[in-house]
There are 2 protein chains.
Amino acid sequence: MLKPNENYLKLKESYLFYSISQKVAAYLANNPGEKLYRLGIGDVSLPLCPAVIAALHEAVEDQAKKETFHGYMPECGAPFLREAIAAHYGKRGVELSSDEVYVSSGASDELGDILDLFDRQSSALIMEPAYPAYVDANVMAGRRIVHYPSGVENGFLPAPSPAAEADLIYICSPNNPTGSADDRAGLKAWVDFANERGAVILFDAAYEAFIEDENVPHSIYEIPGAKTCAIEICSLSKTAGFTGTRLGYTVIPKELMRRGMRFGSMWVRNRTTKTNGVSYIIQKGGAAVFTEEGQKQIKENIAVYKKNAAVLTETLDKLGLWYCGGRNAPYIFLKCPDERNSWSFFDMLLHRAQIIATPGVGFGKCGEGFCRLSTFGSPEDTVEAAKRLTEVFG
Amino acid sequence: MLKPNENYLKLKESYLFYSISQKVAAYLANNPGEKLYRLGIGDVSLPLCPAVIAALHEAVEDQAKKETFHGYMPECGAPFLREAIAAHYGKRGVELSSDEVYVSSGASDELGDILDLFDRQSSALIMEPAYPAYVDANVMAGRRIVHYPSGVENGFLPAPSPAAEADLIYICSPNNPTGSADDRAGLKAWVDFANERGAVILFDAAYEAFIEDENVPHSIYEIPGAKTCAIEICSLSKTAGFTGTRLGYTVIPKELMRRGMRFGSMWVRNRTTKTNGVSYIIQKGGAAVFTEEGQKQIKENIAVYKKNAAVLTETLDKLGLWYCGGRNAPYIFLKCPDERNSWSFFDMLLHRAQIIATPGVGFGKCGEGFCRLSTFGSPEDTVEAAKRLTEVFG
C-alpha cells in the first residue's frame, strides 16, 4: 500500500486566524452592528495602479487575437519581465543578468517550491517570531528546524551565534511580523556566517518597497559576498498590491553552488519539469510596475500605508509604549502594556477599543507578550484606531 | 556545508526539442525562406474565446477599484470557480462536492506539486511513451520508476499486469503523445488493480475535451471505485486555450486515504502552506469557460483542431499507414513507414515534405519507430501538410 508523506503528521495545527475569527464573531454577536477597526490584516487594501491595469487590459486583448495570442510561456519567465527586473536591480547598484532572475507566481509559492533544491537531511534556521509557513514547509520535507528566538534585547534582529548553526538560513528583512529591518552591518554578519559554513540564505525581500533608511539594504546582494550564499525571493504583493493578482520573482546568482552543484541550473531544470511558466497576462501587468510611470504610481500607494504607519507610531510614541517596525515595514510589533500576554491584550483591544490586532504568540513562542499591528487598512480607520488607543492607554 | 538535492544528478538530459530546433535551423540555413509545416507543436494556436476575454477584462476592472478589489484568494481556489467545476462534473454524472475540487495554475504545475503528498520511498509506474516530466519529477524526489512500455500490439493502451506493481500509477487518457484513449473496461481494470494493491492513480485528464466516443470516459470518476484510488488532474490549457494564461484543477475525493491519512486534508495543508492561491483575474476568466456561452465557444475552437485531425487521419488511412489517436485526442502517433526509426523519418519529413513532426523516441524507448503529429496547427497548413504526405508516400 502506498505510504503517504508521514512528515505531515508532525505539522502543528495553527489556530491563530481561526481563534481570531471566533473571538470576533462572538464579540459581534454580543454587540451587533458595532464597527471594528481591523489592524490585523496582512493584505493590501488599495487597488492596482492605473499603469498595471492598462497593461493587464492590453495583455487580455493580445489573448483575444490570433496574431498576438501567447501560448506556453518560457518556464523561467518572459524575457521582457526578467530584463525589466534585472534592470531594476541595476538601478540600485546590483548587477544581475536577466537569466539570474526567475519569475514566480509569488513569494509564498516560491518559498515552498525552492526547497526541492536542497537535501532533506539538511537543517533550517528560523529566526522567530516568523511567518509560520517557513517552519511548516520544512516540516513537510522532514527537515530539522533550528528555532532561533529574538526579542526586545536585540530589537528582534538576532545576530549569528553558534546556536544558529544550520544549512538553510531564513532571513526576512524588513520582517513579518516584527517590522524590524536589518542594516548593512547586520546582514553582513549573516552573509559572512553563511559563507564560512557553506550554508545558504533564503532572503525574503517581500517588504523591501517599504524601506526608508539609506542604511537598510533593499536586496541582500547589496552586501558583498551575498552572491555566493543567498537566494532572494521577492514579490509584487506588497510592493504593488498583487496579493490577489499573483506575481513574484526569485534571484539565484550564477555563483551560487554547493558541493559542485549550481542552484541556478537546478532551478531551470526544476521549472522546466514542474511548471509551464506564469500567465502571460499577469507578467505583462507586472512589467508595468517597473516602468517609470508604474514606479511613481506604486510609491503613491505605499505612501498611503506609510502615512498609516506614522499615525500609529506617533500615537504609540506619545503613549510611551515599546514597539519596533513601522518605519521600514508595513508592520508594527507592539509590546503589550502591563505585562499582558498576547491573547489577553487582543481581548482588551477588541472589547475596549474595537480594534483587531494579531497576537504575536501566533508567530512563535518568543512573540508572546506582543501584538502585530498592520498599516494596510484604510486611513480613516487607522486614524480612528489611533484615537481609541489614546483613549484606552492615555 | 549544505547538501543539494543530489537526485538532480540522476536526471537525464533530454535533447528532443533542442535537436529538433537544431535540425530545423540547419535546414533553413540551406533553404532560406522555405515555408515549413509545423505538426510538432504541442501548443494551441487559436486565441481565447470571447466569453473568457470579456470575463478577464471585467476582472481586471475589479482590480482597478477599491470597492471591487480582490486581495489574497482562498488557497484552494475561489468558491465561484470550485462550484462551477463541481457542477460541470455533475452534468456528466460525477457527483463532487466543491471542496473536493482544487484550483491550480495548470496541470504541469500540479503534477509536480502533488507528489509532496507521497513518501519518497514509494515507486511510480510510468506507461511509456509518456510526457517526460512524469519521470523527471519523480527522479527529483528519489522515487523508483517502473517503466511500463506499450506498443502497436495493445494500441498503446497497456493493461495491468504483475510487472505494473507500483505505489503511484500515472494514467494519461486521452494520451500525450500517442493520442490513444482508454475505454471504460480498460480504465476499470486499472482502478481495480489500484484498489486491490492500495496504489494511487494520478489521472491526467488534460485532453478530455477532445473525446468523441461515448465509451471513453472524460473523468476517471466515471469508473466505479475510482474515488478510493484516484486523483484527477485537469487543465484548461487544451480545453480552452489556456496554455499561456494558466489555469487547471485537481480533484481529490474525500474517500481517498491510505494508512489512515486523507489526501484531501493533506492537500489543504499543503496549499495553505505553500501558496496564496491562483490569480483572481485568471480564475474569473476560467469560470467563464464553464458557462453555457463559454462551453459553446470552446467547442467551436476544438472543432477546428478536430477538423485538422480528420484531414490528417483521412490522409493516413488512404496511404495505409498505421497510427493511433486523432479521434479522441489532438495527437496522432504514426508508425514510421519502411521500418524507419523516429529521427530518420523526422529528417525525411523535413527534407522531402517540409513537415516538422516530433520523434516518438523522445517520449521513451518504446516510442522508437514512431512520430507524433499534432493537430494544433492552422487549418491551411494542415491541409497543405496532408497534401505533401500524399505526394511523398502515395
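Here are a few friendly notes on two sheets in chain A of this structure, which is a predicted model.

1. Let us begin with the sheet of 7 strands. This open sheet in chain A runs in the order β2-β8-β7-β6-β5-β3-β4, and its pairing is mixed. At its edges you will find β2 (101-104) and β4 (144-149) of chain A, and each of these pairs on one side only. If you look along the sheet, neighbouring strands are turned against each other by 20 degrees on average, with direction ignored.

2. One edge is worth a visit. There, β2(A) pairs with strand β8 (residues 248-251) of chain A in the antiparallel sense, over 4 bridges. To find your place, look for Y102(A), which stands opposite T250(A) in β8(A).

3. Next comes the sheet of 4 strands. This one is also listed as open, with the chain A order β11-β12-β15-β14 and antiparallel pairing. Its edges are formed by β11 (323-325) and β14 (358-359) of chain A; each has a single partner strand, so one side of each is left without a neighbour in the sheet.

4. Now for the β14 edge. The partner of β14(A) is strand β15 (residues 370-374) of chain A, and the two pair in the antiparallel sense over 2 bridges. A handy landmark is T358(A), whose bridge partner in β15(A) is R372(A).

5. Finally, a helix joins the picture. Helix α11 (residues 342-353) of chain A packs on this sheet, where it touches β14 and β15 of chain A. The direction of α11 makes about 45 degrees with that of β15(A).

Key: Residues numbered from 1 in each chain as written. Chains lettered and ligands numbered in written order. Predicted model: local features only at pLDDT ≥ 70, side-chain atom pairs only at ≥ 80, totals over all residues. Pairing = 2+ DSSP bridges. Contact = placed C-beta atoms within 7 Å. Axes fitted to C-alpha atoms, helices over the stretch in contact; angles between N-to-C directions.
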